[in-house]
Amino acid sequence: MPQTLPQALDSAVVRSWCSLALDALGREREEIDAINVYPVADGDTGTNLYLTVESASQAVEAVFAAIEAPDFADTVRAMAHGALLGARGNSGTILSQLLRGMSEVLATGCDGPHLARALRRAAASAREAVAHPVEGTILSVASAAASASAGGEDVVAVARAAHAGARAALEATPGQLAVLERAGVVDAGGRGLVTVLAALVQAVTGEAPARTPRAPRGASGASGASGASGALGAAPAVEPCAEAGPAYEVIYLLEAGDTAVARLRDRLDALGDSLVVVGGDGLWNVHVHVDDAGAAVEAGVEAGRPHRIRITHFGTSGPGGAAPEERAGRAVVAVLPGEGLARLCAEAGATTVLARPGEPPASGELLDAVRRAHAREVVLLPNDAALRHAAAAAAEQARAEGIRVALVPTRAAVQGIAALAVHEPDRRFDEDVVAMTAAAGATRYGELAVAERQSFTSAGVCQAGDVLGLIDGDVAVIGQDVAATAQTVLDRMLSAGGELVTLVIAEDAPPDLAARLETHVRETHLAVDTTTYPGGPKAPLLLIGVE
């Protein structure tokens, strides 16, 4: 029986698109990295596109985790927002704006004509976001996809036309940009966009478009569109041939108003090049190449509140980049849910990643931290079971860059604290990892949280405002009073024994909570010591560790 193809998009198709695009970019990442010569030959375009789509996919999965059948408009907005938060590099930042432009139209309709208009809006908004658009790049490929899709009557026809138009435009990029022609390659960002559009075709038809057959290297010459068409399927050896430019790439999220961002664009444009500012509605992602990284960050501070600041030196980092200075022997990278814990672990020598409420770090942020540690050996502590996949992806990429990484599967911050406490950089790497893993595994963990809505839990039905006591990730106690619920959780955790209790208390917790819990442990559980740490603002209400 012939397959019935969809006439319109829905949330499931968007979910499938993100997943298929992520898988495809994962397979093609190294090929795309290898042909990356513009605007900087730093060999990371494929990786940056993968990490951007990974963030978009995670945001869509979060919507499906919260709601069984999410609204289509909410799903496409989540995709765009996730891409904005996780956008990496020049091409990744532009891709996030393409997805945002699409979401603005798709939120109003999901049929073929809406998809075609969404592609046109995406191409236009991406050009608006780039300070100085250049032909022969991902922008040209996006514009061609939009033009080719015009007039499509259903989503299948529109998706296929957009993909075909993008592929044709990609093959033409060497004739538009001299640096590509000299290298004998197509544009890396445009190649990634073709992969993303191919995933869209597969999501709506169930069949992946055929890839261009691999051409033997040099079979068509080293220049011109014919020589580049083989780069759709194969990556020739590329020598960096882009002209020397600024030394640093600066990226940050920025909370600011439209007027302040307009002034910021002018200031950053005067400081460097490859300026891309994407986003809107008070949240922006800023990307620029500069020689004075401090001035670029300072400009963001003057415009609003920058965070997730990433500064990369083109000469010392990125896949294949040489690092002239000697790496340290070993480092620990830890994800922490609160500024207080982050400061505590940083003082103990760890490189920290701050996990903000509702914004878990993607693998790209973890990879940045591993690189920032600048060590030959790194122990990675994700401190959250939900981060295991992101941490594993970051570790795999770091290993590909020559860094020895061990992932200790810590599921809570208190397990990370226990692991860090026994870390000894002078002993053999394997012995250190075993000791840290054992310390984490010997630590039971608990947490207090406040229910946001009525819900069914393993301890019964909770109402909005109830205090939830979790033990090893499961709700074990439902209470009304923070201190009383915490005492019950402590008693249950200590019923199996324990010698040391670790308490991490948020800034907005009841002011006498620490004293009450310390007194309770001292009077109720003999020979058990208690250590208390401040969690700081936006930390979980209370974290408990029992060793």
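## A guided set of close-ups

Buried residues make up 54% of the 547 residues in this chain. The model shown here is predicted, and the legends below start with the whole chain before turning to single sites.

**Figure 1. The whole chain, with its 19 helices and 16 strands.** The radius of gyration is 25 Å, close to the 24 Å that the globule rule gives for 547 residues, so the chain is as compact as a globular protein of that length. Along the principal axes, the C-alpha atoms fill a box of roughly 80 × 55 × 50 Å. Take the contacts between residues at least 6 apart in sequence: 71% of them join residues at least 24 apart. The chain exposes about 22,800 Å², and carbon and sulfur atoms supply 51% of that area.

**Figure 2. Charged side chains across the chain.** There are 42 positive and 67 negative side chains here. The centres of the two sets lie 3 Å apart. Salt bridges number 26 in this model, and the next three views each pick out one of them.

**Figure 3. A salt bridge between D281 and R100.** These two side chains meet with N and O 3.1 Å apart. The partners come from distant parts of the chain, 181 residues apart: D281 sits in the loop between β2 (272-280) and β3 (283-290), while R100 belongs to helix α4 (residues 89-106). Their surroundings are worth a look too. D281 is exposed, with a relative accessible area of 75%, whereas R100 counts as buried at 18%.

**Figure 4. E401 paired with R371.** In this salt bridge the closest N and O atoms are 2.5 Å apart. Once more the pair links distant parts of the chain, here 30 residues apart. You will find E401 in the loop between α15 (388-400) and β8 (404-407), and R371 in helix α14 (residues 363-373). E401 counts as partly exposed, at 22% relative accessibility.

**Figure 5. D430 and R404, part of a salt-bridge network.** The side chains of D430 and R404 form a salt bridge, with 3.1 Å from N to O. D430 lies in helix α17 (residues 429-441) and R404 in strand β8, so this pair ties together parts that are 26 residues apart in sequence. D430 is partly exposed, with a relative accessible area of 39%, and R404 is partly exposed at 39% as well. Follow the shared partners and you can trace one network that joins R330, E377, R404, E424, R427, D430 and D432.

**Figure 6. E365 and its neighbours.** E365 has its place in helix α14, the helix that also holds R371. With a relative accessible area of 15%, E365 is buried. Leaving aside residues up to four places away in sequence, E365 touches R88, R308, V353 and L354.

**Figure 7. Helix α13 and the residue G349.** Helix α13 covers residues 339-347. Which of its residues are buried? They include G340, L341, A342 and C345. When you look along such a helix, it helps to know that an α-helix has 3.6 residues a turn, so residues three or four places apart point the same way. Just after α13 comes G349, which takes a positive phi of about 105°.

Definitions and conventions:
Residues numbered from 1 in each chain as written. Predicted model: local features only at pLDDT ≥ 70, side-chain atom pairs only at ≥ 80, totals over all residues. Heavy atoms only, no water. Helix = DSSP H or I, 4+ residues; strand = E, 2+ residues; numbered from the N terminus. Rg over C-alpha atoms; globule rule 2.2 N^0.38 Å. Buried < 20%, exposed > 50% of the residue type's maximum accessible area, 1.4 Å probe, protein only. Contact = heavy atoms within 4.5 Å. Areas by Shrake-Rupley, 256 points an atom, 1.4 Å probe, with all protein chains shown as cover. Lys, Arg positive; Asp, Glu negative; His and termini not counted. Charge placed at Lys NZ, Arg CZ, Asp CG, Glu CD. Salt bridge = Lys/Arg side-chain N within 4 Å of Asp/Glu carboxyl O.
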